[in-house]
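Got the viewer open? Here's a quick tour, one selection at a time.

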Amino acid sequence: GALLVNERIDREELCGVLSPCSLSFEIVVENPLELYSGTVEIQDINDNDPVFPSSQARLEISESVAAGARFPLESAQDPDVGINSLQTYQLSANPNFALDVQTRVDGSKYAELVLEKELDREEQRELNLVLTALDGGTPPRSAHVQIHIDVVDANDNAPVFNQSTYKASVRENTPSGALVTRISAYDLDDGPNGDIVYSFSSHTPAKVRELFALDSATGELRVKGQLDYEDTKLYEIYLQAKDKGAVPGVAHCKVLVEVVDVNDNAPEVTVTSVYSPVPEDAAPGTVVALLSVTDLDSHDNGLVSDVNDNAPKSSQDSYDVYVPENNMPGIPILNVSATDPDLGRNAHLSYTLLQGDTPFGHLFSINRENGTLYVLTSLDHEDQVEFSMMVQVQDGGFPPLATNVSVSVFVTDLNDNAPMVLYPHPNTTATYADVVAPGTPAGHMVTKVVAVDADAGYNAWISYTLLQATDPSLFSVGLHNGEIFTARQLREDDAPEHTLVILLKDHGEPVLSTSATVSISVAEMVKEVLTDLTDVAPANDPRRHVTFYLILAVILVSAAFFITMLSVGIFKCYKWRQSKELYNSSRSTTYRTPGPFHHIDAVRGGFTPPSFYHQVYLTTDSRQSDLLCKKPFTSSPLGSRQGTIRNGEPGLYHQIVGTTSRLPTPAE
């Protein structure tokens, strides 16, 4: 039962950088039947020195580089693991540079030169430093590299990456040449000093360079070799951008590439036969063989497969969001949360903003991956108060299942509108538009300031205060209605003209206000007002009588219109009485010669009963027309005046008898 070493063991050859390094075996013992599993762990000893890729390194650093600039150095490699691996770096003493040792995600170390004191080419053209790499063995093993630094003049602007760290994910079965990500840097210089060349940093491991390729002109990082999730799950790649100046400026960035597992490994079934052949009299439950099933894939790829039988479920069926108006564009306002109990892709959720009858694509957007809802523009409460939309949450199964969630966005009001005066109009040129008679008692309403506020609620409440007046004791203004009253009785010695300045304020935060100017004239008659208005005009104004003549013309036209309407009314009444007499007299006779009443005028005026039609003999002199007969043509009673015009005229039947064929005109 002794386990012996069959040949010399080299841990680095067997396991590389994997730790711990172990070898597994199984031992079967018969009679009685037993199965044993064993593991031999290969422990590391410090039998390897750290090794630099080259014995010398050369750097070109511009004297214009500011203190704090960092310069990555080539990393040493040590195949040992654990404490025996590379542990630290040391830098020879110098007045300009310090050494900063960093640790990668996998635990390996790399060093960067940090400029502590700015370089001066006129004082020192070059520097020679020694970088030492040490492992953690006892005693420690080491390696050295000479660093030669040339201090030269360079262009003024170094390339700058648009981000210091890039993240990307790629499937392990991605073919060679597939794009992983694209890094981008810019340089403010012109010509060659602004042309950028991308490359791997000097301390990028050789294995990474075998698996990935970088386009020096475009910065595109592509797959070069065969990726394997089971080998490495995350790659930390260090890249740099140099311009083409005489002393190139350098910028550095880091790319984290996550390898996504695919189901590229079939389950493995291991069968160990321990009892063969099986006797025919073997009892039930006798062990015949041992079976074990393993799958090298991870997560769902290594489990029992899932069926997409669950739709996404949101924590809420609807959301109400309140957004103050005048918001900053692009801010997040809501995170729609949903879950899916399925596994893998069946549980991967995507969020979509459904476009209904009223599309909101130019106002709102949603992050497809995490359900964050953004408002893209500044909202206005006075423009629209509420937005209703639907968010669809869909899983990645086939066929996909989806759930809709309603979202209502309410725009809350801010006090961003000052009160606006409607009366008196702020742009009017009229003077003393409001008149109050002398001796008017206290409490008499003279006029009213009318204003509106486009805001809502408390922000739209307007208060009115008297800010300035010719005589503050004579008038007062209602605090909430803007009505201007006499505060006392007007006296003979009061000024004939008064100017009031009314302050209008809302109740928002902050308070917004405006003012209105009201002119009031104290006069007994309109003539006095007109005289005052004439006196106000400048003496040298050639148009000082225009206002008087305009007002006089308006009064004369109004009087003429009133007299005309009165005459028409009297004439209509006269016609109506004549038609009424004709109607009453027509009840007792079949034939009648009408007097001065004109039937055609009566029809046009709307006084003819609609339940009769009339046959009329007309001579060349329409004033001698005769009414021939009348008889009903409808069973409806006498209608209204409007019904008479609508129903009576079509029923009229006229028979014309005379010496000429000319019909009488309406004037006749």
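Does cysteine 253 count as buried or exposed? Keep in mind as you click that this is a predicted model. Select cysteine 253 and show the surface: it counts as buried, at 3% relative accessibility.

**The other cysteines**

Now jump to cysteine 573. With a relative accessible area of 47%, cysteine 573 is partly exposed, because the buried class stops under 20% and the exposed class starts over 50%.

Next, pick cysteine 15 and cysteine 21 together and show them as sticks. These two form a disulfide, with 1.8 Å between their sulfur atoms. Turn the view to look along the S-S bond: the angle about it is 65 degrees, which makes the link of cysteine 15 and cysteine 21 right-handed. Add the surface again and you'll find cysteine 15 buried at a relative accessible area of 17%, while cysteine 21 is buried at 2%. Don't go hunting for another such link, as the count comes to 1 disulfide.

**Helix H1**

Stay where you are and select residues 11–15, which make up helix H1. Arginine 11 sits in this helix. Its relative accessible area is 4%, so arginine 11 is buried. Now draw a distance from the C-alpha of arginine 11 to the C-alpha of valine 81: you should read 9.5 Å, although 70 residues separate the two in sequence.

**The largest pocket**

Time for some empty space. Select Val17, Gln77, Asp106, Ser108 and Pro205, and centre the view on them: of the 31 residues lining the largest pocket, these lie nearest its centre. The volume here is about 1,200 Å³. Colour helix H2 (206–211) and strand S17 (234–243), since each of them supplies at least two residues of this lining. What is the chemical make-up of the lining of the largest pocket? Colour by residue type and you get 12 nonpolar, 10 polar and 9 charged residues.

**The second largest pocket**

Keep S17 coloured and move on to the second largest pocket, which has a volume of about 600 Å³. To find its centre, select Leu59, Glu60, Phe71, Lys242 and Val250, the closest to it among 29 lining residues. Besides S17, the elements giving two or more residues to this lining are strand S3 (56–62), strand S4 (70–72) and strand S18 (250–260). Which of them gives the most? That's S3, with 7 residues. By type, the lining of the second largest pocket divides into 14 nonpolar, 9 polar and 6 charged residues. Try colouring by domain as well: domain 2 (56–152) and domain 3 (160–260) each contribute at least three residues to this lining.

**Three strands side by side**

For the last stop, hide the surface, go back to cartoon and select strand S29 (residues 402–412). On one pairing, S29 meets strand S22 (residues 318–324) in the parallel sense, over 7 bridges. On another, S29 runs antiparallel to strand S28 (residues 386–395), joined by 9 bridges. Follow the chain from S28 to S29 and you'll trace a hairpin with 6 residues between the two strands.

Finally, put phenylalanine 410 of S29 in sticks. Which residue of S28 stands opposite phenylalanine 410? Glutamate 386 does, and tyrosine 322 also stands opposite phenylalanine 410.

Note on methods: Residues are numbered from 1 along each chain as its sequence is written. This is a predicted model: local features need pLDDT of at least 70, side-chain atom pairs count only at pLDDT 80 or more; totals for chains, interfaces and linings use all residues. Side-chain values use heavy atoms; hydrogens and water are left out. Two strands pair if DSSP finds at least two bridges between them. Helices (H or I, at least four residues) and strands (E, at least two) are DSSP runs, numbered from the N terminus. A disulfide is a pair of cysteine sulfur atoms within 2.5 Å. Buried means under 20% relative accessible area, exposed over 50%, partly exposed in between (1.4 Å probe, protein chains only). On a 1 Å grid over the protein atoms alone, a cavity is a set of points where a 1.4 Å probe fits but cannot get out, and a pocket is an open set with protein on both sides within 12 Å along at least five of seven lines; lining residues have an atom within 4 Å of a point. Grid points are joined across faces, edges and corners, and a volume is the space filled by probe spheres set on the points. Ala, Val, Leu, Ile, Met, Phe, Trp, Tyr, Cys and Pro count as nonpolar, Asp, Glu, Lys and Arg as charged, and the others, Gly among them, as polar. Domain bounds come from an automatic or database domain assignment.
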